[in-house]
Structures are given as structure tokens and as C-alpha cells.
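Student: I've got a fold open on my screen and I'd like to walk through it with you. Can we take it strand by strand, then look at the rings?

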Amino acid sequence: MAVKKTMKVVFSLVLLLLPLASTSAVEVKFDFMYFVQQWAPSYCSTAPHECEYEPRPPPNNFTIRGLWPSYEEWRPEYCNISDRLDPGQIEDLVNPLNQSWPSLLRNETNLELWSHEWEKHGTCSNLSQHGYFAAALALDTLTNLTGILADGGVVPSDEKTYTLGEISDALAKGTGFSTYLRCSQNELKYGETLLYEVLQCVDRSGEKLVNCTTPYWVTRCLDPDKIKIPAWFYGQ
């Protein structure tokens, strides 16, 4: 009887400790990160996104989509569900985050977006909350995609289109590294292929651009010979 009681006590302790073990901080040994930037006009022209145009429209620019730890074949997510974003940890970054990493959606605040990105991807980065967002901002400054594309003769236009090669070559020349593109289809103008996202590979510290293999989850643009970078929002 004493042995059975002891076993029950041990088993009960194991059950109590399981939730703690599942939410404890564990180092994630990923291969690299994807730094993802989105072209805001394309994002807002793609279903099912409902963008906020008041009190001012979203920026006519690239904005940060995320900084995502990744392996070659898959991305880890929600690595520590108990680690919720503490706004106080990024208080000094709020102004630049509002500029470079805003939520474009009508029903989502900037803080809600940042909290989601931290919980889904940041908790897998092995960075502190402040370090994660500071790294994304530094990468955004390092890679001025709008300027790089303009230097390569690729500028936003509601009429002109570009090939996948023209856009990729301009980015590779300006950054010195391979980049990967994601396209979307214009919700209001059927058949138009829009430049949606640009992905760059970053080392595990989140500091330097590196080359990596094509992301397994990035599909080819539907019409790689006619890609538009819209100059403004069709939803206005």
C-alpha cells in the first residue's frame, strides 16, 4: 500500500510539472531567419485584407511583415506560449515600430500585431523581446528596398509592369544577396500579379544578411513576366 501511495504522489507531481515544462524557455537551434517586408499597396489590394484608411492611409512603402526563424524545410512557431509581449520592454522602440512595422488592418492595432509576431515567431528567435524588435528595425534600415529598386530602374506604377528577373536582379545588386519574392493577385483587377513580399535571409543573431535556399513555402508568381508594383491603393 505504501508503494502504491508513493507512486500516486510521484505521478501527481509529474502531472503538475508537465505544464511548466511545456512552457519553459528552450533554445531553438534553427538555421537562419527570414526578414520579410511587404509592399503595403499590394497587401491592401489582396483579399481578404481590409485595410484602415482613416485617419490616414497606410504607407506607400515597404513595411515589415516579420522576422521568422526557420529551418531549411520548416519554421518553428509558438516556442514559448507563456512568454507574452510586455509593452514596457519595447517602450523606447514604439515610435520607429509605428513607422516601420504598422498593422495595416482595420481591426488590428499595432500592439496586437507586434504581440502576435512575438508569440508566433519571436519566442523561437533566442532573442529578448527588445532584441527581437530592435533587430527587425535595424534590418529595415539596412535594406531600403524602395531605394534599391529605384536604383535598379524598378519604381512603383499603376501602369508599368516588370519581370521577376528584373525585380530580383535589382534587389540582388542592391543588397549583395539573394532575395525571394512572393506575389499576390489583385482583388479588384482580376489577372493582375502584384509584388507582395520580399524575403531576405538573415543569420541566427538577426544581424547580417546571408544567402540561403529558396523557401519551401514560396510559390512562383502566377505571371512572372508581368508583375506590377502598384503606386497606390486600389481600395481608395
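Student: Which residue in β4 is the bridge partner of Tyr34?

Tutor: Keep in mind that this is a predicted model. Strand β1 (residues 32-39) pairs with β4 in the antiparallel sense, over six bridges. For Tyr34, the partner in β4 is Cys201.

Student: How many bridges join β3 to β4?

Tutor: Strand β3 covers residues 179-185, and the two strands run antiparallel. One spot to click on is Ser184, which sits opposite Leu194 in β4. The number of bridges joining β3 to β4 is seven.

Student: Do β4 and β6 pair in the parallel or the antiparallel sense?

Tutor: Strand β6 is a short stretch to find, residues 227-228, and two bridges link it with β4. Look at Leu194, which stands opposite Lys228 in β6. The sense of the β4 and β6 pairing is parallel.

Student: Which residue in the hairpin of β4 and β5 takes a positive phi?

Tutor: Strand β5 (residues 209-210) runs antiparallel to β4, joined by two bridges. Val202 stands opposite Leu209 there. Six residues lie between the strands of this hairpin, and the one with a phi near 75 degrees is Gly206.

Student: How many of the residues of β4 are buried?

Tutor: Buried is under 20% relative accessible area. Strand β4 spans residues 193-202 and is mostly covered. The count of buried residues is ten of ten.

Student: On to the rings, then. Is the pair of Trp101 and Tyr132 stacked, tilted or edge-to-face?

Tutor: A search of the whole structure finds eight aromatic pairs, and this is one of them. The centres of Trp101 and Tyr132 are 6.3 Å apart, with 50 degrees between the planes. Stacked needs under 30 degrees and edge-to-face over 60, so the pair is tilted.

Student: Why does that pair tie together parts that are apart in sequence, and how many residues apart are they?

Tutor: Trp101 lies in the loop between α3 (94-100) and α4 (110-120), whereas Tyr132 is in helix α5 (residues 129-142). Both residues are buried. Because one ring is in that loop and the other in α5, the pair links parts whose separation in sequence is 31 residues.

Student: What is the centre to centre distance between Trp101 and Phe133?

Tutor: Phe133 is also in helix α5, so its pair with Trp101 ties together parts 32 residues apart in sequence. Both Trp101 and Phe133 are buried, and along with Trp118 and Tyr132 they form one aromatic cluster. The pair is tilted, with 50 degrees between the planes and a centre to centre distance of 5.3 Å.

Definitions and conventions
Residues are numbered from 1 along each chain as its sequence is written. This is a predicted model: local features need pLDDT of at least 70, side-chain atom pairs count only at pLDDT 80 or more; totals for chains, interfaces and linings use all residues. Side-chain values use heavy atoms; hydrogens and water are left out. Rings of Phe, Tyr and Trp (its six-membered ring) pair if their centres lie within 6.5 Å; planes under 30 degrees apart count as stacked, over 60 as edge-to-face and the rest as tilted. Helices (H or I, at least four residues) and strands (E, at least two) are DSSP runs, numbered from the N terminus. Buried means under 20% relative accessible area, exposed over 50%, partly exposed in between (1.4 Å probe, protein chains only). Two strands pair if DSSP finds at least two bridges between them.
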